[in-house]
Amino acid sequence: MKWLSNLILRIAGWKESITVPDYPKVIICVAPHTSNWDFILGKLAYAAAGRRAGFLMKSSWFFFPLGLIFKSIGGVPVKRGKGSSLVETLIERYRTSDRLALAITPEGTRSLTTRWHTGFLRIALEANVPIVLGVLDFATKQILIEETFTPTGDIDSDLRRVKDYYRPFAGKYPDKFSAD
């Protein structure tokens, strides 16, 4: 899979640089998230590095037969609504797993938003796992995972620092991305 992923990325004109350690437990914060291509490119880049990661996705996508496919490649269905605590569920999953890498898009949507979700920061802090910052930069056709971020517990300050990191990058649809 590693060689095939590399080949596909090269043919498409993309370069990847994944220099962070292969942490046994990690959250991969991914931005900008403006297109369904983000998922495909991210999976290819991580596989090209010889690594595997799961991902969060709206539960409505987990219908038969797609649900079986998504689960087999690491998909975790997310149900929105009252009475469910995804953050607590994922904290427990990290605590009880020997190895777990999950890609999370804090924007939570492919549409323009300035309100990023902070659950990834709370999960990392409570489960004591690092966050690596994954970039899909369509302007330069680069996929970068070169920075590790450790949350301090000050959610507002941490989120500002994460957004500042992503500010120079462009999604497939730049008008749908904001790090404000």
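## A tour of two pockets, two helix pairs and three backbone oddities

Start by selecting α2, because this helix gives the most to the lining of the second largest pocket, with 6 residues. One thing to keep in mind as you click around: this is a predicted model.

**Stop 1: the second largest pocket**

Keep α2 on screen and bring up M1, K43, A47, R52 and I73. Of the 15 residues lining the second largest pocket, these sit closest to its centre. The space inside comes to about 320 Å³. Colour the lining by class and you should get 8 nonpolar, 3 polar and 4 charged residues.

**Stop 2: the largest pocket**

Now for the largest pocket, which holds about 1,200 Å³ of space. To centre your view, pick L56, M57, I104, T105 and G108; among the 49 lining residues, those are the closest to the pocket's centre. Next, select the elements that each give two or more residues to this lining:

- the helices α2 (37–48), α4 (86–96) and α5 (119–127)
- the strands β2 (25–31), β3 (54–58), β5 (100–104), β6 (131–137) and β7 (142–149)

Which element supplies the largest share of the lining here? It's α2 again, with 7 residues. By class, the lining of the largest pocket splits into 25 nonpolar, 16 polar and 8 charged residues.

**Stop 3: α1 against α2**

Stay with α2 and add helix α1, residues 2–11. Two packed helices are described by the angle between their axes and the distance between the axes. For α1 and α2, the angle is about 130° and the axes lie 7 Å apart. That angle is why α1 counts as oblique to α2. The crossing of α1 past α2 is left-handed.

Show side chains for K2, S5, N6, I8 and L9 on the α1 side, then L41, L44, A45, A47 and A48 on the α2 side: these are the residues that meet. In class terms, the contact of α1 with α2 has 7 nonpolar, 2 polar and 1 charged residues. If A47 looks familiar, that's from Stop 1, where A47 was one of the residues closest to the centre of the second largest pocket.

**Stop 4: α5 against α6**

Hide that pair and select α5 together with helix α6, residues 155–166. Their axes come within 10 Å and cross at roughly 115°, so α5 is roughly perpendicular to α6. This crossing is right-handed.

Which residues make the contact? From α5, pick F120, L121 and R122; from α6, pick I155, D158, L159 and V162. Sorted by class, the contact of α5 with α6 has 5 nonpolar residues, no polar ones and 2 charged.

**Stop 5: backbone oddities**

Switch to a backbone view for the last three selections.

- A31 and P32: a cis peptide bond joins them, with omega at about -15°. P32 is in the loop between β2 and α2.
- F64 and P65: here is another peptide bond that is cis, with omega of about 0°. Look for P65 in the loop between β3 and α3 (66–72).
- N128: not a glycine, yet its phi is positive, at about 55°. You'll find N128 in the loop between α5 and β6.

Terms used:
Residues are numbered from 1 along each chain as its sequence is written. This is a predicted model: local features need pLDDT of at least 70, side-chain atom pairs count only at pLDDT 80 or more; totals for chains, interfaces and linings use all residues. Side-chain values use heavy atoms; hydrogens and water are left out. On a 1 Å grid over the protein atoms alone, a cavity is a set of points where a 1.4 Å probe fits but cannot get out, and a pocket is an open set with protein on both sides within 12 Å along at least five of seven lines; lining residues have an atom within 4 Å of a point. Grid points are joined across faces, edges and corners, and a volume is the space filled by probe spheres set on the points. Helices (H or I, at least four residues) and strands (E, at least two) are DSSP runs, numbered from the N terminus. Ala, Val, Leu, Ile, Met, Phe, Trp, Tyr, Cys and Pro count as nonpolar, Asp, Glu, Lys and Arg as charged, and the others, Gly among them, as polar. Axes are lines fitted to C-alpha atoms, for helices over the stretch in contact, and angles run from 0 to 180 degrees between N-to-C directions. Angles under 35 degrees count as roughly parallel, over 145 as roughly antiparallel, 65 to 115 as roughly perpendicular and the rest as oblique. A crossing is left-handed if the near helix is turned anticlockwise from the far one by less than a right angle, and right-handed if clockwise. Contact means heavy atoms within 4.5 Å.
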